[in-house]
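Take a moment to look over the model shown here before reading on. The paragraphs after it offer a guided walk through its parts.

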Amino acid sequence: SKHTPTIFLNSVGPRSQQEKGRRSTLAHEMCHILVDLDGALPVAEVLGGNVPRSIEKRANAFAAEFLLPRSEASAYIEKALEFVCQQDERNATIERAIGDLADKYGASHETVAWQMLNSHFVEQSDQPAYGKKLKSLLDPFDTFAY
């Protein structure tokens, strides 16, 4: 009862060296504080790296939605591509849109790309343009209902 939740951030870790990575990491950990505070993540499991994938996916989804709501990503890219037909122009538009939203919301390019992809507005021919921004092999936000 005399302790409060605390987040320790490894500022030299690969995901926390940049401001956007720190923001994403902190949002991810906030989810654990808000949702898993009742003992779902004992310290031993966290330190040992044995956190169930579903819990981590939920925290990733929370962080992405916290930093950039999917509805905002969807509306932005839909409007940006509304009258763009040629694939090379679409690719350049997607690239600009990802950068614009990353700057506006303080999210990483990868988070923005995943939020756009998960908005289900993406056409099959546009997927490679998003894929260039993705570092994760698997969609960290997929199929999780929150």
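What follows moves from the whole chain to its helices, and then to the side chains that link them.

Please keep in mind along the way that this is a predicted model. Let us begin with the overall make-up. The protein chain has 7 helices and 0 strands, so if you follow the chain from the N terminus, the elements read α-α-α-α-α-α-α. The chain holds 146 residues, and 36% of them are buried. Its accessible surface amounts to about 9300 Å², with 54% of that area belonging to carbon and sulfur atoms. How do the contacts spread along the sequence? Among the contacts with a separation of 6 or more, 62% are between residues 24 or more positions apart.

A good place to see burial is helix α6, which spans residues 109-117. How many of its 9 residues are buried? The count is 8, and the helix is described as mostly covered. You can pick them out by name: Glu-110, Thr-111, Val-112, Ala-113, Trp-114, Gln-115, Met-116 and Leu-117. Which elements provide the cover for these buried residues? The cover includes α1, α3, α4 (70-80), α5 and α7 (127-131). Try finding each of these helices around α6 in the view.

One of those covering helices, α3, deserves a visit of its own. Helix α3 runs over residues 53-67 and carries both Phe-62 and Phe-66. These two residues sit 4 residues apart, about one turn of the helix. The chain has 1 aromatic pair. Why is this pair called stacked? The ring centres of Phe-62 and Phe-66 are 5.8 Å apart and their planes meet at 15°, so the pair counts as stacked; the cut-off for stacking is planes under 30 degrees apart. As for their surroundings, Phe-62 is partly exposed at 23% relative accessibility, and Phe-66 is also partly exposed, at 48%.

Now for the charged side chains. How many salt bridges does the model contain? There are 5 salt bridges. Several of them involve helix α5, which covers residues 87-105, so we can walk along that helix and meet the partners in turn.

Start with Asp-103, which has its place in α5. The side chain of Asp-103 meets that of Lys-20 in a salt bridge, with 3.4 Å from N to O. Because Asp-103 belongs to helix α5 and Lys-20 to helix α1, the pair ties together parts that are 83 residues apart in sequence. The C-alpha atoms of these two residues, Asp-103 and Lys-20, are separated by 9.3 Å. Are the partners buried or exposed? Asp-103 is exposed, with a relative accessible area of 59%, whereas Lys-20 is partly exposed at 24%.

Next comes Glu-95, which forms a salt bridge with Lys-132 at 3.7 Å, N to O. Glu-95 lies in helix α5 and Lys-132 in the segment after α7, so this pair joins parts 37 residues apart in sequence. Glu-95 is partly exposed, with a relative accessible area of 32%, while Lys-132 is exposed at 63%.

The third stop is Arg-90, whose side chain meets that of Glu-123 in a salt bridge of 3.6 Å, N to O. This pair links distant parts of the chain, with Glu-123 in the loop between α6 and α7 and Arg-90 in helix α5, 33 residues apart. Arg-90 counts as buried because its relative accessibility is 5%, and the cut-off for buried is under 20%. Glu-123, at 40%, is partly exposed. A further residue joins in here: Arg-90, Glu-123 and Asp-126 are linked in a network of salt bridges.

Finally, turn back to the segment before α1 (19-35), where you will find Arg-15. Arg-15 is exposed because its relative accessibility is 67%, and exposed means over 50%. Which residues does Arg-15 touch, not counting those up to four places away in sequence? They are Gly-21, Arg-22 and Thr-25. Arg-15 and Thr-25 are 10 residues apart along the chain, and their C-alpha atoms are separated by 7.4 Å.

Note on methods
Residues are numbered from 1 along each chain as its sequence is written. This is a predicted model: local features need pLDDT of at least 70, side-chain atom pairs count only at pLDDT 80 or more; totals for chains, interfaces and linings use all residues. Side-chain values use heavy atoms; hydrogens and water are left out. Buried means under 20% relative accessible area, exposed over 50%, partly exposed in between (1.4 Å probe, protein chains only). Contact means heavy atoms within 4.5 Å. Accessible areas come from the Shrake-Rupley method with a 1.4 Å probe; for residues, only the protein chains shown count as cover. Rings of Phe, Tyr and Trp (its six-membered ring) pair if their centres lie within 6.5 Å; planes under 30 degrees apart count as stacked, over 60 as edge-to-face and the rest as tilted. A salt bridge is a side-chain nitrogen of Lys or Arg within 4 Å of a carboxyl oxygen of Asp or Glu.
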